[in-house]
Amino acid sequence: MNKIINGKEVANIFKRKLKEEINNFLCMPKLAVIQIGSLDASNIYIKHKQKACKEVGISFELITYDNNIDEIVIKNKIEELNGNPSINGILIQLPLPSHLDSKKIINYIDPKKDVDGLTSINMAHLFNNVDNDEAIAPCTPIGIMKLLEYYNIELEGEHVVMIGRSNLVGKPLLSLFLNKNATITICHSKTKELACFTKQADILVVATGCKHLINKNMIKENAILIDVGINNVEGKLYGDIDYNDVYDKCLLITPVPGGVGPMTIAMLLHNVVECYKIQNKHSITS
Ligand SMILES: NC(=O)c1ccc[n+]([C@@H]2O[C@H](COP(=O)([O-])OP(=O)(O)OC[C@H]3O[C@@H](n4cnc5c(N)ncnc54)[C@H](OP(=O)(O)O)[C@@H]3O)[C@@H](O)[C@H]2O)c1
């Protein structure tokens, strides 16, 4: 039996649908990405995003600054982009250099252009479970939910154990799983006896950045495993789950690469399109 949750394949289906939708728009949606510094990993992620935008017909602008740039310059640029009607989405490539406060900078973005769903307003919509068609959720968490939905994985009453509590992944997933009536346990680096929790998981989601943190002795028979981790060791990518070790024991698993990663990019494109629609709705009604 094939146990692979194929994120690449599902992401391609989403991208095809988005491309068709964009073809019917009056003008091309546009994403602006702000990069501060030049981390190798960020350069690679930005290239992937640019390529994906091109594939579906989203225009892409990269704005770059040196590592030592002042916050005020970035604030002014974001405000200019907020006011520019030809820009539909704004993304700050993370992580930022240590002298910059990423939470403060992200909150300069107009929530209607916040394609990463990381402004406090968009986070609050998610945590309050507000039925609001203008709320934008972070890309990796919604990518995971779409993958589970695509594979018809029942969530109601299931015990989801999530390792990692970041704003980018763990915290938004808490709300998304609760909204689907799952029971959720969140673990982190200070959790004692991690395996006691992971062994109880019907669905285990791991987002720590620790290569092969999870092995077969830490999972339940027939668990569904979602590996968010990306660990680059000497040019080769590894997940947070020891894929070969757990494969026989689990029911389904996302590979690294080819699992959650492609869905994250597809959901970024989805969020640009959502932002475009929100802004066009406002320009029609105002
Ligand atoms: N595939 C994708 O599209 C995608 C998207 C986003 C992120 N990622 C990857 O996912 C990983 C996590 O990303 P992130 O942004 O959430 O990272 P992060 O902000 O560094 O958060 C990591 C989380 O893991 C916890 N943790 C670290 N070591 C642990 C351990 N030994 N045992 C239990 N918990 C541990 C941390 O606990 P504390 O809170 O106690 O520090 C923290 O909550 C990274 O590898 C990243 O590259 C992949």
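This note goes through the domains, the two sheets, the helix packing and some backbone details of the structure.

1. This is a predicted model, in which local features need pLDDT of at least 70 and side-chain atom pairs count only at pLDDT 80 or more, while totals for chains, interfaces and linings use all residues. Residues are numbered from 1 along each chain as its sequence is written.

2. The protein chain is divided into domain 1 (28–111) and domain 2 (139–261), with bounds that come from an automatic or database domain assignment. The C-alpha centres of domain 1 and domain 2 lie 28 Å apart.

3. One open sheet has three strands in the order β2-β1-β3, with parallel pairing; its edge strands, each pairing on one side only, are β2 (59–65) and β3. The twist averages 20° from one strand to the next. Helices (H or I, at least four residues) and strands (E, at least two) are DSSP runs, numbered from the N terminus, and two strands pair if DSSP finds at least two bridges between them.

4. Within this sheet, β1 and β2 are joined in the parallel sense by seven bridges, and the bridge partner of Ile-36 in β2 is Tyr-65. Strand β1 (residues 30–36) is also joined to β3, again in parallel, by four bridges, with Val-33 having Leu-91 as its bridge partner in β3.

5. Is strand β3 (residues 89–92) covered on one face or on both? Both faces are covered, since Gly-89 and Leu-91 on one side and Ile-90 and Ile-92 on the other are all buried. A residue is buried if 20 or more other C-beta atoms lie within 10 Å of its own, exposed if 12 or fewer, and partly exposed in between, with C-beta atoms placed from the backbone. Helix α2 (residues 40–56) lies across β1 and β2 and runs at about 170° to β1; such angles run from 0 to 180 degrees between N-to-C directions, and the axes are lines fitted to C-alpha atoms, for helices over the stretch in contact.

6. A further open sheet is formed by five strands in the order β5-β4-β6-β7-β10, with parallel pairing. Its edge strands are β5 (183–187) and β10 (252–253), each of which pairs on one side only. Helix α7 (residues 170–179) packs on this sheet, where it touches β4 (159–163), β5 and β6 (203–206), and its direction makes about 170° with that of β5. Strand β7 (residues 224–227) pairs with β10 in the parallel sense over two bridges, and Leu-225 stands opposite Ile-253 in β10.

7. Helix α6 (residues 139–150) packs with α7 at an angle of about 35°, their axes being 8 Å apart. Pro-141, Ile-144 and Met-145 in α6 meet Pro-172, Leu-173 and Leu-176 in α7, where a contact requires C-beta atoms, placed from the backbone, to lie within 7 Å.

8. Two cis peptide bonds deserve a look. The bond from Leu-94 to Pro-95 is cis, with omega near 5°, and Pro-95 is found in the loop between β3 and α4 (102–106). The bond from Val-256 to Pro-257 is also cis, with omega near 0°, and Pro-257 is found in the loop between β10 and α10 (260–285).

9. Asn-181, in the loop between α7 and β5, has a positive phi near 65° although this residue is other than glycine. Asn-181 counts as exposed because it has 11 C-beta neighbours inside 10 Å.

How values were computed. Two residues are in contact if their C-beta atoms, placed from the backbone, lie within 7 Å.
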